Amino acid sequence: MRFLYSTLCLQIMALTIQLLTLILMSHKVLSVEYPFPSDNRGFDVIRSADYYWPFDAVVNGVVTELNSGRDGTVNGSVGTTSAVVNDGILLDGGANFVTLGDFTGTCVASPGLCAQTGLSVSVWWKNSELISRQCITSGGKGLSDGLSLYTINPAFGTEFYIRSGNTLWMAAFASPSNTWTHFVFTWTQADTIEVWQDGIKLAAPVTTTVGTNYGDAHNNLVVGTNNDQSYDEYCTGSFDELAIWDRKLTDPEVLYYYQASTGTTIGVGTVRAEVDTLTNATYEKTAELLRSLLAVTVPGPYVLDTDITETVTVLEKLTTLLPDETVETSTASDLSNMFFEETGQVMSDLNRYGWGNMTQYEKDSTLSDLSRVTDQLNIHLGSHVSSSGATTVLSIGDNGISNFSVTVRPPVVLQHDDYMFPDVDSDATIQIPASIVNYNAQEVRTIVAVLYHNFHQRYSTNNSIQGVDSSEASLNSLVVSVTLSPSPPLPLRDNVTVSFTHLEEAEDTARRWCVHLDLTGDVGVWSDEGCVIHSTNSTHTVCSCDHMTNYAILMQVVDVEMDHGNRVALQVITYVGCGLSIICLFVTIIVFLGLSSIQAEKTHAHVNLCVCLLLAQTLFLIGSGWTPGTVVCKVFAVLLHYIYLAAFTWMLVEGIHLYNVIIRVFAHVRLLYYYLIGWGLPLLVCVVSVSIAHRGYGEKDNCWLSTSGGVIWAFVAPALIIIIVNVVILILVTREVVKLNNISFRVKPEKERSSFKSSVRAVAVLLPILGISWIFGVLAVNEAAVVFQYIFALTNSSQGLFIFLFHCALNSEVRQAFKRKAYTWSVSRGNIPGRADTVRVKPFDSDVIRPESHSSTKSNQKTPTPELMPSIVSTTHLPNMESSDPDVFATPLSNMDPSMPQPTSRRKLSRMPSTEV
């Protein structure tokens, strides 16, 4: 028993000693003081190394290893020298080197053990060697498993070897100069060797050779040379911060450590600064910048909120810099995949710190911009990729945050089945009918599809649904996005079907809406516009969707959000008004061109104005469905800009003509001047605007001028100037009307009320051709001013209708010309005898001043007292006023009472306002 007791005590003592030894060793490692700050992500990379020798000092022939306790020993005389991170060791080329220990059974001596996870070596090196030398090796100078850094002479460069079994990998690169240079070498059996120099990945060629298996006879890791072989050549140079990992470092880790050790910062701001200096970029340069962006945005706690927002800004800028030229399929595919890899990094759940520091508005704005730029970049690549004649998939996959697919379908290649995304079982799928995909089959079609896995977690529930409180709503599904370019016209011929699996089982009584993210503003809001529930239960919902746009955006100086009810009402007003106007404008043009008797300067102005408005409203209705950012959308925006400016300049011509005829009295202006103003002036403005700010056309949200960069003022400013000029002209003309009506009032005081009505009617008739009501579009600058949008939509979408009514259908001169035309036609057929020029037509209420007296048609009425001409007539008819026009005088001037006010002279009469002149 005593023997057993003694044995047990000895075993307990042995275990205690081993435990104390382990604790002391652990304390030695854990309590080590690193020669750098503790809160730096770059130095954290060094802390994660399996082996780390800072080489700051040589104490009693020993160099300390901080991460595993494998201290090294000095052979010969090894000094220290000033280095980038504190001090480093200096080898003078004599028989001096450092042995860092026996690494048998580790990846350092046997890289094959880490064939899958890889191996990484980092070192600061100041090369002073002029001939061939081994500088760092663990593999018998290349004749054993392990690694080796071998400098040849400066003319031939430097090589890094990895040997495992009978396979040798070798990377060659230029020898560094006699200055401190940072190198990182990474290796996996699949990726072979990659070389980094001063934070930049080198294009170092790698050769792989299969030959003799030398085994693993030499396992010491040495710096300077001598690895248990008879080898008397030693490396000259300095070394610092040697670290080895039993894994492959990521690109950002390499960059982070280089930044930390040099005190430099190569982050998103650095990439953005470079991008901001560019005015254009090749596809190769874009790929280089995307690689840089990937390197500095690796997900983790170090990614800040500013890193995320700046990354999206860089992606937006890169998209605008893409060249307008053909790109090879492989290059386009690389760019698309790198882009989705970057969006995956930005939206990663590991970036909780960065996203968590954002306000909800900043989150919504960033995700809205990211969604837009995803479509724009990939649509550009799809529309410029070199065609192989077959459908091309530029990118498809899962970046951990989203499923994505970019498909390019060449001309004439049809989609025979409905397009489905994703094409595997998913919590959200979208189905596009083949008829929509095949629209515009003569062009290249690009489909960009993304299924976001965590979009719903960060985006707010701000919505435009009537009666839905955002604070009481939640998103209960993943978010799926599909964009087709060129975009088919709206409304879609067949609806798109979207199927969702609920994230949480919903009660049958719970209200639900199919919504889409309306990105017409800077920040998207959820809207149910154009989407209806096809079927639903507690776990699934199937939606059927279609979308529209609104007309009031044309004159918005700032983006204005409004609720769903107002948006729908404006759309209805826009489409109904434009439809009626288009028909009325067409009829008006036919009438003006068909009646030769009313051809005059004012007819030219009317016809050209009608043509501009007809083209503008037709183009607006047809082109509202184009995808922003495409070439077609940009061209459409420029064309629409020109047509609407031309409409305004012809409104200006209308005002000038009124001024010349009514204020200046019979002033004659050559029609050439009118045409130069009407068509030449807007052309000049468009040419200047496009040459200076072409990126502001059709870039964002719609195929119109951008509001964000102030390009919209290339339309608004000229329009405002013309409106102001026409307002002045309207005031002057109205004053003339009032003067003439005052004369009529003095002749017959009982006509005061009728005189006021005539003045009001004069203003109403002139408004459609002067375009003054467009001012309401500028006043609609926020949601509180939505009433101005209603006034704007009502008056301007119906502008063509008003022109038809006031200047065609209810106009006495047009009606008289039409009746004369009909009378002449009847006489030619022998139905009515007589002369066409004896036809009398009573002026209608569309005239500025309605007739107040006519010859009585009743036998018992007295001949009325003559009055001034109450209707508006063309200046071309004025010479015949006294003898032939019944609307001028009802009785001869000689029969007038001398005591009554005398009428003005013919010249004064000619100053009477008219919408006909």
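Nine strands of this predicted model form an open sheet in the order β2-β3-β6-β16-β8-β9-β10-β11-β15, and their pairing is antiparallel. The edges of the nine-stranded sheet are β2 (62-63) and β15 (206-210), each of which pairs on one side only. Inside that order, strand β8 (residues 133-137) is joined to strand β9 (residues 146-151) by four bridges in the antiparallel sense. One position in this pairing can be located by residue: Thr137 stands opposite Ser148 in β9.

**The chain as a whole**

The chain has 917 residues, of which 52% are buried. Its secondary structure comes to 22 helices and 28 strands. Considering contacts between residues at least 6 apart in sequence, 71% join residues at least 24 apart. The chain exposes about 40,800 Å², and carbon and sulfur atoms supply 58% of that area.

**Strand β12 and its partners**

Strand β12 covers residues 181-188, and eight of its eight residues are buried, so the strand is largely enclosed by the rest of the structure. In a regular strand the side chains alternate between the two faces of the sheet. In β12, Thr181, Phe183, Phe185 and Trp187 point one way, while His182, Val184, Thr186 and Thr188 point the other way. Both sets are buried.

Two pairings of β12 can be described. With strand β7 (residues 119-127), β12 pairs in the antiparallel sense over seven bridges. Here Trp125 stands opposite Thr181 of β12. With strand β13 (residues 192-197), β12 again pairs in the antiparallel sense, over six bridges. In that pairing Thr186 is opposite Glu194 of β13. β12 and β13 form a hairpin, with three residues between the two strands.

Thr181 lies in β12 and has a relative accessibility of 4%, so it counts as buried. Apart from neighbours within four places in sequence, the contacts of Thr181 are Val123, Trp124, Trp125, Pro176, Gln197 and Asp198. Trp125 is thus listed among the contacts of Thr181 and is also the residue opposite Thr181 in the strand pairing.

The strand pairings that have been described by bridge count, together with one from the four-stranded sheet treated below, are these:

| Strand pair | Sense | Bridges | Residues opposite each other |
|---|---|---|---|
| β7 and β12 | antiparallel | seven | Trp125 and Thr181 |
| β12 and β13 | antiparallel | six | Thr186 and Glu194 |
| β8 and β9 | antiparallel | four | Thr137 and Ser148 |
| β18 and β19 | antiparallel | six | Gly397 and Phe404 |

**The four-stranded sheet and the helices across it**

Another open sheet has four strands in the order β18-β19-β22-β23, with antiparallel pairing. Its edge strands are β18 (392-398) and β23 (479-485), each pairing on one side only. Neighbouring strands of this sheet are turned by 5° against each other on average, direction ignored. β18 pairs with strand β19 (residues 402-409) over six bridges, and Gly397 stands opposite Phe404 of β19.

Two helices lie across strands of this sheet. Helix α7 (residues 329-346) lies across β18, β19 and β22 (445-452) and runs at about 25° to β18. Helix α9 (residues 360-384) lies across β18, β19, β22 and β23, and runs at about 150° to β22.

The two helices also meet each other. The axes of α7 and α9 come within 10 Å and cross at roughly 170°, which means that α7 is roughly antiparallel to α9. On the α7 side the residues are Ala332, Leu335, Ser336, Phe339, Phe340 and Thr343, and they meet Leu370, Val373, Thr374, Leu377, Asn378 and Leu381 in α9. By class, the residues of this contact divide into eight nonpolar, four polar and no charged.

**Helices α5 and α6**

Helix α5 (residues 283-296) packs on helix α6 (residues 305-321) at an angle of about 175°, with the axes 11 Å apart. That angle makes α5 roughly antiparallel to α6. Thr286, Leu289, Leu290 and Leu293 of α5 make the contact with Thr311, Val314, Leu315 and Leu318 of α6. By class, the contact of α5 with α6 has six nonpolar, two polar and no charged residues.

Notes:
Residues are numbered from 1 along each chain as its sequence is written. This is a predicted model: local features need pLDDT of at least 70, side-chain atom pairs count only at pLDDT 80 or more; totals for chains, interfaces and linings use all residues. Side-chain values use heavy atoms; hydrogens and water are left out. Buried means under 20% relative accessible area, exposed over 50%, partly exposed in between (1.4 Å probe, protein chains only). Two strands pair if DSSP finds at least two bridges between them. Axes are lines fitted to C-alpha atoms, for helices over the stretch in contact, and angles run from 0 to 180 degrees between N-to-C directions. Contact means heavy atoms within 4.5 Å. Accessible areas come from the Shrake-Rupley method with a 1.4 Å probe; for residues, only the protein chains shown count as cover. Angles under 35 degrees count as roughly parallel, over 145 as roughly antiparallel, 65 to 115 as roughly perpendicular and the rest as oblique. Ala, Val, Leu, Ile, Met, Phe, Trp, Tyr, Cys and Pro count as nonpolar, Asp, Glu, Lys and Arg as charged, and the others, Gly among them, as polar.
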